[in-house]
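Student: I am new to this structure and would like a close look at a single part of it. Please take one residue, describe its surroundings, and then set it in the chain.

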Amino acid sequence: MRSVLALIFFVCFAFVAFAQVSDTRQQELDELTTRIDKIEASIDDNKANDTALVKLRVDLESFSKSLIEFGISLRPRLGEINQRLDELGVPPKEGEPEEPAVLAQERVSLQQEKALNNSFIATAESLSVRASKAIDRIGALRRELFTNTLFQRTDI
């Protein structure tokens, strides 16, 4: 009976911790999204300014590192979730004895957390693609500026 109560307590505690962590992760993603939005807008505002474009490229490289750090920070928890789901095994099939409700709830909770973390990773990957495209765009704009400068006529 004590082990069942301890497991119930653990599941409740894990659910509260999961909610707090997922709110924090969502806030981090929101901040990263805002950051890339601002950088992309700055590219449009500074198309003709090579120095500003260089700075924006450096900002994008820093942004990309932040995305990598974000993704890496999710891996340990995903590993723990996968390990616990492996320990729980597959849910019983029809006709088999039902598992305790606490275990079924834990499995559902873990699967929900895993799905949420996977959605965070997918969003981070999407932001990474945006960053790569922005870096490519900056490169194209800088090449165009360079070409225009080379072919610009000057009075001697």
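Tutor: Take Arg25 in this predicted model. Leaving aside its neighbours within four places in sequence, Arg25 is in contact with four residues: Phe70, Ser73, Leu74 and Phe120. Arg25 itself is found in helix H1, which covers residues 2-45. Arg25 counts as buried because its relative accessibility is 16%, and the cut-off for buried is under 20%.

A useful companion to Arg25 is Leu85. Its place is in helix H2, made of residues 50-88. Leu85 also has a relative accessibility of 16%, so Leu85 counts as buried. Not counting residues up to four places away in sequence, Leu85 touches Arg107, Leu110, Gln111 and Lys114. One of these partners can be followed further: Gln111 lies 26 residues from Leu85 in sequence, while the C-alpha atoms of Leu85 and Gln111 are 8.1 Å apart in space.

Now the chain as a whole. It has three helices and zero strands, and read along the sequence its pattern is α-α-α. The chain counts 156 residues, of which 25% are buried; Arg25 and Leu85 are both buried residues. Among contacts between residues at least 6 apart in sequence, 79% join residues at least 24 apart. As for the surface, the chain exposes about 10,900 Å², and carbon and sulfur atoms supply 57% of that area.

Methods
Residues numbered from 1 in each chain as written. Predicted model: local features only at pLDDT ≥ 70, side-chain atom pairs only at ≥ 80, totals over all residues. Heavy atoms only, no water. Helix = DSSP H or I, 4+ residues; strand = E, 2+ residues; numbered from the N terminus. Buried < 20%, exposed > 50% of the residue type's maximum accessible area, 1.4 Å probe, protein only. Contact = heavy atoms within 4.5 Å. Areas by Shrake-Rupley, 256 points an atom, 1.4 Å probe, with all protein chains shown as cover.
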